[in-house]
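Colleague: I've got this one open in the viewer and I keep losing my way in it. Could you pick a single part, look at it closely, and then tell me how the rest is arranged around it?

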Amino acid sequence: MTLFASLIEFLRKDGLGAEAKQLDVLLNEMAWTTGTEFQLEFRSEMRKIKKSSWAKMSKDTKSCFKLVAKTIRKNLGWI
């Protein structure tokens, strides 16, 4: 399971099904031209989810969330 998929599963376990579905669509149902394009969209959606649902996330979900964000920053540091 990828790190991105792990985050989706953590969100589901926390009862954040709609938020998990938003990320799942980006990961599994969209066709991306580049990995950069995917990560930019995933990051954008993560920011929305963080604003609306951070307080509802478990400690484990927050840890995974931070790791995904760090990975995206590392990959897209120039943006």
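Modeller: Let's take H3 and start with the residues it hides: Phe38, Gln39, Phe42, Arg43, Glu45, Met46, Ile49 and Ser53 are buried there. Keep in mind that this is a predicted model. The helix itself has 19 residues, and from its first C-alpha to its last it reaches 26 Å, close to the 27 Å expected at 1.5 Å a residue. What do the buried residues of H3 pack against? They pack against H1, H2 and H4.

Stay on H3 a moment and find glutamate 45. With a relative accessibility of 14%, glutamate 45 counts as buried, since the cut-off for that is under 20%. Its side chain still has a partner: glutamate 45 and lysine 48 meet in a salt bridge, at 3.8 Å from N to O. These two are three residues apart in helix H3, so about one helical turn separates them. The general geometry helps here: an α-helix has 3.6 residues a turn, so residues three or four places apart point the same way.

Now cross over to H2, where there's another buried acid to look at. Glutamate 19 is found in helix H2, residues 17-29. What is the nearest side chain of opposite charge to glutamate 19, and how far away is it? That is lysine 56, at 5.1 Å, and glutamate 19 has no salt bridge although it is buried. The cut-off for a salt bridge is a side-chain nitrogen within 4 Å of a carboxyl oxygen, so a pair at 5.1 Å doesn't make the list. Leaving aside neighbours within four places in sequence, glutamate 19 is in contact with Leu11, Ile49 and Ser53. You've met two of those names already: Ile49 and Ser53 are among the buried residues of H3.

While you're on H2, look at the charges that do pair. The structure holds four salt bridges. One of them joins the side chains of aspartate 24 and arginine 12, at 3.7 Å from N to O. That pair links distant parts of the chain, with aspartate 24 in helix H2, arginine 12 in helix H1, and their positions 12 residues apart. Is aspartate 24 buried or exposed? Aspartate 24 counts as buried, because its relative accessibility is 13%. Arginine 12, on the other hand, is partly exposed, with a relative accessible area of 36%.

Another salt bridge is the one between glutamate 29 and lysine 21, at 3.1 Å from N to O. Glutamate 29 is partly exposed, at 49% relative accessibility, and lysine 21 is partly exposed too, with a relative accessible area of 39%.

Next, swing round to H4, one of the helices that the buried side of our chosen part packs against. H4 covers residues 59-75; it has 17 residues and reaches 24 Å from first C-alpha to last, close to the 24 Å expected at 1.5 Å a residue. Its buried residues are Thr61, Cys64, Phe65, Val68 and Ile72. They cover an arc of only 105° around the axis, so they sit on the same side of H4. What covers them includes helix H1 (3-13) and helix H3 (35-53). Turn the view to the other side of H4 and you'll find Lys59, Asp60, Lys66, Lys70, Arg73 and Lys74 exposed. Lysine 70 makes a handy landmark on that side: it counts as exposed because its relative accessible area is 55%. Lysine 70 and phenylalanine 4 are 66 residues apart in sequence, yet 12 Å apart in space, C-alpha to C-alpha.

Finally, zoom out. The protein chain has four helices and zero strands, and read along the sequence the pattern is α-α-α-α. The radius of gyration is 12 Å, close to the 12 Å that the globule rule gives for 79 residues, so the chain is as compact as a globular protein of that length. Its C-alpha atoms fill a box of roughly 30 × 25 × 25 Å along the principal axes. Buried residues make up 34% of the 79 residues. Of the contacts with a separation of 6 or more, 57% come from residues 24 or more positions apart.

Note on methods
Residues numbered from 1 in each chain as written. Predicted model: local features only at pLDDT ≥ 70, side-chain atom pairs only at ≥ 80, totals over all residues. Heavy atoms only, no water. Expected span 1.5 Å × (residues − 1). Buried < 20%, exposed > 50% of the residue type's maximum accessible area, 1.4 Å probe, protein only. Arc of directions from axis to C-beta. Contact = heavy atoms within 4.5 Å. Lys, Arg positive; Asp, Glu negative; His and termini not counted. Rg over C-alpha atoms; globule rule 2.2 N^0.38 Å.
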